[in-house]
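User: I'm new to this structure and would like a close look at one part of it, the salt bridge. Could you walk me through that part and its surroundings?

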Amino acid sequence: MKLIKKIIKGFLSWVKDSTIEIANQTFTLLGFFIAWLTLTGMARTIVGWAIVWSTVVWLVTLRIRNKKGE
């Protein structure tokens with residue numbers, strides 16, 4: 001039971017940190033979106049997936065990057 005509570009607490013902490021990080025990077029993400037809108041065809045698809053995957057990796061590695069800086 002303690003392990004489950006620890007996992008839930010860690011997940012909720014990650015959600016909080018991720019939300020703050022996304023809010024801090026709003027204009028960067030907006031720039032990515034605007035750039036994506038200007039593209040057409042296959043370039044739009046490739047860049048769209050690159051934006052999505054890089055954002056996912058950025059959020060998943062949030063804790064690793066923050067611990068390294070401490």
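Analyst: Let's start with a term. Helices here are DSSP runs of H or I with at least four residues, strands are runs of E with at least two, and both are numbered from the N terminus. With that in hand, reading this predicted model from the N terminus gives the order α-α-α-α. In other words, the protein has four helices and zero strands. Its radius of gyration is 16 Å, well over the 11 Å that the globule rule gives for 70 residues, so the protein is more spread out than a compact globule. If you'd like a box to picture, the C-alpha atoms fill one of roughly 50 × 25 × 20 Å along the principal axes.

Now for the part you asked about. Searching the whole structure turns up one salt bridge, and the partners are R63 and D17, whose closest N and O atoms are 3.2 Å apart. This pair links distant parts of the chain: R63 belongs to helix α4 (residues 62-69) and D17 to helix α1 (residues 2-24), with their positions 46 residues apart in the numbering. As background, side chains of opposite charge can pair when their charged atoms come close.

Are the two partners buried or exposed? Neither label fits, because buried means under 20% relative accessible area and exposed means over 50%. R63 has a relative accessible area of 29%, so it counts as partly exposed. D17, at 25%, is partly exposed too.

Step one place along from D17 and you meet S18, also found in helix α1. At 5% relative accessibility, S18 counts as buried. What does S18 touch? Leaving out residues up to four places away in sequence, S18 touches L59 and L62. L62 sits right at the start of the range given for helix α4, residues 62-69. Burial across the whole protein is worth a look as well: buried residues make up 9% of the 70 residues. The protein exposes about 6000 Å², and carbon and sulfur atoms supply 74% of that area.

A few other spots help to round out the picture. R44 carries its charge over a ring: R44 lies over the face of W36, at 4.2 Å from the ring centre. W36 falls within the range of helix α2 (residues 26-38), and F32 has its place in that helix too. F32 is partly exposed, with a relative accessible area of 37%. From F32 to V57 is 25 residues along the chain, and their C-alpha atoms are separated by 15 Å. As for rings pairing with rings, the count comes to two aromatic pairs.

Notes: Residues are numbered from 1 along each chain as its sequence is written. This is a predicted model: local features need pLDDT of at least 70, side-chain atom pairs count only at pLDDT 80 or more; totals for chains, interfaces and linings use all residues. Side-chain values use heavy atoms; hydrogens and water are left out. Rings of Phe, Tyr and Trp (its six-membered ring) pair if their centres lie within 6.5 Å; planes under 30 degrees apart count as stacked, over 60 as edge-to-face and the rest as tilted. A charge sits over a ring if NZ of Lys or CZ of Arg is within 6 Å of the ring centre and within 35 degrees of the ring normal. The radius of gyration is taken over C-alpha atoms; the globule rule is 2.2 Å times the number of residues to the power 0.38. Buried means under 20% relative accessible area, exposed over 50%, partly exposed in between (1.4 Å probe, protein chains only). Accessible areas come from the Shrake-Rupley method with a 1.4 Å probe; for residues, only the protein chains shown count as cover. A salt bridge is a side-chain nitrogen of Lys or Arg within 4 Å of a carboxyl oxygen of Asp or Glu. Contact means heavy atoms within 4.5 Å.
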